[in-house]
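Please open the model in your viewer and keep the sequence panel beside it, so that each selection can be followed in both. The tour below goes from stop to stop, telling you what to select next and what is there.

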Amino acid sequence: MQPRVIAIVAARRGGPVLQQTLDALAQQSRRPDLLVVVDAAGGAAAGADAVTAQLAAANPTQFITAGSGLGFGELVHRALGALPAAEPTSSPYGGVDEWLWLLRHDTVPDPRALERLLAAVEIAPSVAVAGPKQLEAEHPTVIAGYGETLTRLGASIAIAERELDQAQHDRTSDVLAVGEAAMLVRRTVFAAVDGFDPALPSVDAALDLCVRIRLAGHRVVGVPQARVFVHESSAQAARAGAGRTPSDRVLARLRRTAQLHRRLVYAPPLAVPLHWLSLLPLAVGRALGQLLRKQPGRVGGEFAAALAVAFSGGAVPSARRRLARSRTMGWAAIAPLRMPPDEVRRRRAVARDATLAAGEDDRPPRPAFLPGGAWLVAFAAVVGAVAFAPLLGAPALLGGALAPLAPDAAALLEQLRWSPEGAADPFAFVLAGLGALTAWQPSLALGVLWVAALPLAALGGWWAAAALVRHPGPAAVAALLWAFSPTLLSALANGRPAAVIAHLALPLLVIAAARAPRSWSATAVAGLTAAVVVASAPALLPALVIAWVVWMLAHPRRIGRLLTLIVPTAALLGPLAWQQLQRGTPLGLLADPGLPVAPPAASPTGILLGWPDLSLALGPLAALAPDAAPLAPAPLAVLVLAALALPAVLVALLALALPTARTAVLPLVLAATGIATAWAVAGIAVAVADGAAVPLDVGPALSLAALGIALAAAVGLDGIRTPAAQRRVASYGPEPRGPRRLATALGLVLVVLALTAAAPVLAATLTGSSAVRAGEPRTLPAIVAAEAQSDPTIGTLVLRPVVAPPSATESAGTPAVSARIDRGAGRTLIAQRTLVTTGAFTETVRSEGPYAAAEIATLAANLVAPSGADSADGLVSRHVRFVLLEQSGPGVDPAIVSDMVAALDGNPALAPVGDTDTGRLWRVVADDEVHLLAADPWPGSGVVLGVQLSILALTLLLAVPTSFRPRRPAEPTEAEGPTATFEAEGDDD
């Protein structure tokens, strides 16, 4: 008996695509017996009337209207509900020998598609479902889908998808499932298995239906000779009624939701509770995996899918009953049709390689790092090792703003908590990461940093320049200019670790930020390096915020991604900003972190020349000036420095007149921003130490300017060679040597001038004129450090004679004394709080809470001058066991110091110990058993720290590269053979 075919067309939108589908149905060599159309375009939607008119013009047997929010399966059920009951026949399957041909609005069948589908099922009575080969409508030679199957873990996967149709799958017949587009299914079997699962409206609906039909004892086959042309995938067609194309994130969420639903439906009864309990833990694990794959946009979808399935109500029990009613065979029956794990791994590897290759095609070439870049870094390492040889192996560095980093590894984490002194500075997190590199002795990390600063700067400068130039020579020049820039050398000579770290992090920030719009990995790296720069140089925060906003405006389609750049910085800065705003001192956020030591005075001349501390260069150069010089030594030295710095600036500006002018704009903007920031912060003081204001350091701002000049100079040198390289390509001849030699000569001149300017500063450590020296990991005398081993809470009142700054009540030059209380072995970098230096508190006693600086001032005044007041109670109550008189500041009358020593010697509460390496020491002789108990931290400090560390860990996970791929080398010159470099990359999109 001739089978009867009922064609069901579910239309969510019209237009030419729907018309092609309807026309193809009318042109079939074997036309359907009945045509049922379902209008799901939505009555109120734009264009819905046109869809209705198109469907009505096809003269359907039944015309059904349905809501646009229904899934394809529900639309098919609506169509079947409008059909009359099937007439009984002699079919071996009982009921009516009818077939359902299911089509979407975007499914255009070949004229012989239905004929070939019926031919395949008529010769095989056990076949209940037949599916055609789906081809892309826009690319008819590309397979959109042919057959579906499952992995061992239940994930759906297409047997053939987005492959060039070369008949490679034409011998594949029996499959686990076929796609819903143009599926031919026996009506009696469809009814026996209760049709589509309503819980799968858009993804895996056809797969689930075919699995249940297989378990009911029927076969599912693919018919490669039958072809249909599709415009959309199942998920895209299901959401077409909403007038939008689902993004990759939405598709991934829909697929994961369908997979979890099927897992609960297919699982044995005893395993269902275990699978339900594992939904959220698996979501956490898969979310971390998405971060590693550089797809953070899918993290939310993992949790959304898990929650949707976990709280889907009766969807899972209903589907399990539906499966149980029709199932006659075990799962072993479909096991051979699953995809083997080896094939799954092979396909994923092929897809990963294809993604990397596609991304590589869009990336410009860059100069090879080997061998020139490696030799450059090695040269900087040798110079650094020689220049800082006295610091090699030092357990700690002292001098300037340097101090022991932390007493032990436990303190690295403890000092990140919200203490009674207030929130930890963001710079404390940077120091904790640095100290963790030498966790057995955290302070050793600073010595390693000082020795490795030059090669690290050279490496960062190379990679920053390599992203802008095509030849290794200009990149090498930029690396050397950056490594031996006055800003880094001044920070190293003056002992300013925050400025050193900011200098080293700036090139990484520029590189990562440039790539952030097209790479999640680069976005994460940019976020972390921005946090490091802001933590080390808060004065750069306004400039970086402006650059961040401008960068988002320049890439409006990536604003969502670029918004995440600020997350790590906000996580570290948030608690401190909250407290500063509560206290009414928002400008305190700009205070330099670490020890509150005033930087060298900045001068307009120094800012223009790029020297934060102009005295470092003026002194040696003035000493070399001849006696018969027409100018005084100091002005002559300034002219020499200007002559050394001017060529690099001229080459940087020359880049604007070369073919590389567009590339040079951004570096020059960085340079201008750095100079403007240095001018803005020069002379501003937001912190106080030793009774004097501590100005902001202009060094990091000048580092930003130096980076811009170095990169622009590299672009200029590269631009000199670019026309020559272009002419060579056009003429297929060797590159002209003239421009190449000119660029090389200019580069050598810039390097020689930079090294000449750097030589006096590099020799400062060797000659002993540098403020940095090797020392022990303590800032108090050894006897105090020894007692602190058994009682870390003991206090030492540290006094320092100074000259008071002029005020309304005192004239300039009035002698004074600064006072503070240090705990344990002395001050450490990680324990410093800008909340203390920018506010009214100079010390916090953990058992009593904060108290005003006036209390310490009163105690110190009673000690250094005969007053008759009993100071013992004030010392004992604060657990002060020693009094240390440090060396006096500049301009203090020695007679004043002698009077202070006499007063301290004559105080009955003190017993002289003698001179030490840090000053004169007295012991408090009071006999008591008072011990300072550590105050309980703020109850929420652990939660705040956990959130901060979690954000940093997740960002770091996103930043870690997951693959290494070859980079195309820059075009080789006649003297350079083919080269290749490798760069760590994540997934670009």
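Contact, a word needed at several stops, means that heavy atoms lie within 4.5 Å. What you see is a predicted model, in which local features need pLDDT of at least 70 and side-chain atom pairs count only at pLDDT 80 or more, while totals for chains, interfaces and linings use all residues. Residues are numbered from 1 along each chain as its sequence is written, and side-chain values use heavy atoms, with hydrogens and water left out.

**Stop one: Ser156**

Select Ser156, which is found in strand β9 (residues 156-158); helices (H or I, at least four residues) and strands (E, at least two) are DSSP runs, numbered from the N terminus. Which residues does Ser156 touch, not counting residues up to four places away in sequence? They are Thr149, Leu150, Asp204, Leu207 and Arg262. Add Arg338 to the selection, and you have a residue that is 182 residues from Ser156 in sequence but 9.6 Å from Ser156 in space, C-alpha to C-alpha. Ser156 counts as partly exposed because its relative accessibility is 29%, where buried means under 20% relative accessible area, exposed over 50%, and partly exposed in between (1.4 Å probe, protein chains only).

**Stop two: salt bridges**

The structure holds 28 salt bridges, a salt bridge being a side-chain nitrogen of Lys or Arg within 4 Å of a carboxyl oxygen of Asp or Glu. Select Lys133 and Asp165, which form one of them, with the closest N and O atoms 3.1 Å apart. Lys133 lies in strand β6 (residues 127-136) and Asp165 in the loop between β10 (163-164) and β11 (183-186), so the pair ties together parts that are 32 residues apart in sequence. Lys133 is buried, with a relative accessible area of 3%, whereas Asp165 is partly exposed, with 23%.

Move next to Asp174 and Arg214, whose salt bridge has its closest N and O atoms 3.2 Å apart. Asp174 lies in the loop between β10 and β11, and Arg214 in helix α6 (residues 205-215), so this pair ties together parts that are 40 residues apart in sequence. Is Arg214 buried or exposed? At 11% relative accessibility, Arg214 counts as buried, while Asp174, at 33%, counts as partly exposed.

For a pair within one helix, select Arg346 and Glu343, whose side chains meet in a salt bridge (2.7 Å, N to O). Arg346 and Glu343 are 3 residues apart in helix α13 (residues 341-361), which means that about one helical turn separates them. Then select Arg4, Glu98 and Arg187 together, since these residues are linked in a network of salt bridges.

**Stop three: Pro507**

Pro507 is found in helix α20 (residues 497-515), and, at 0% relative accessibility, Pro507 counts as buried. Leaving aside neighbours within four places in sequence, you will find Pro507 in contact with Gly460, Gly461, Ala464, Trp482 and Leu707. Gly461 is 46 residues from Pro507 in sequence, and their C-alpha atoms are 6.1 Å apart.

**Stop four: a sheet**

Now show the open sheet of 5 strands, which has the order β18-β17-β21-β23-β22 and mixed pairing; two strands pair if DSSP finds at least two bridges between them. β18 (815-823) and β22 (910-916) stand at the edges with a single partner strand each, so one side of each is left without a neighbour in the sheet. Neighbouring strands of this sheet are turned by 25° against each other on average, direction ignored.

Select β22 with β23 (residues 919-924), and you can follow antiparallel pairing over 6 bridges, where the bridge partner of Ala911 is Arg923 in β23. Helix α32 (residues 782-790) packs on the sheet, touching β17 (795-803), β21 (880-885), β22 and β23, and the direction of α32 makes about 40° with that of β23. For such directions, axes are lines fitted to C-alpha atoms, for helices over the stretch in contact, and angles run from 0 to 180 degrees between N-to-C directions.
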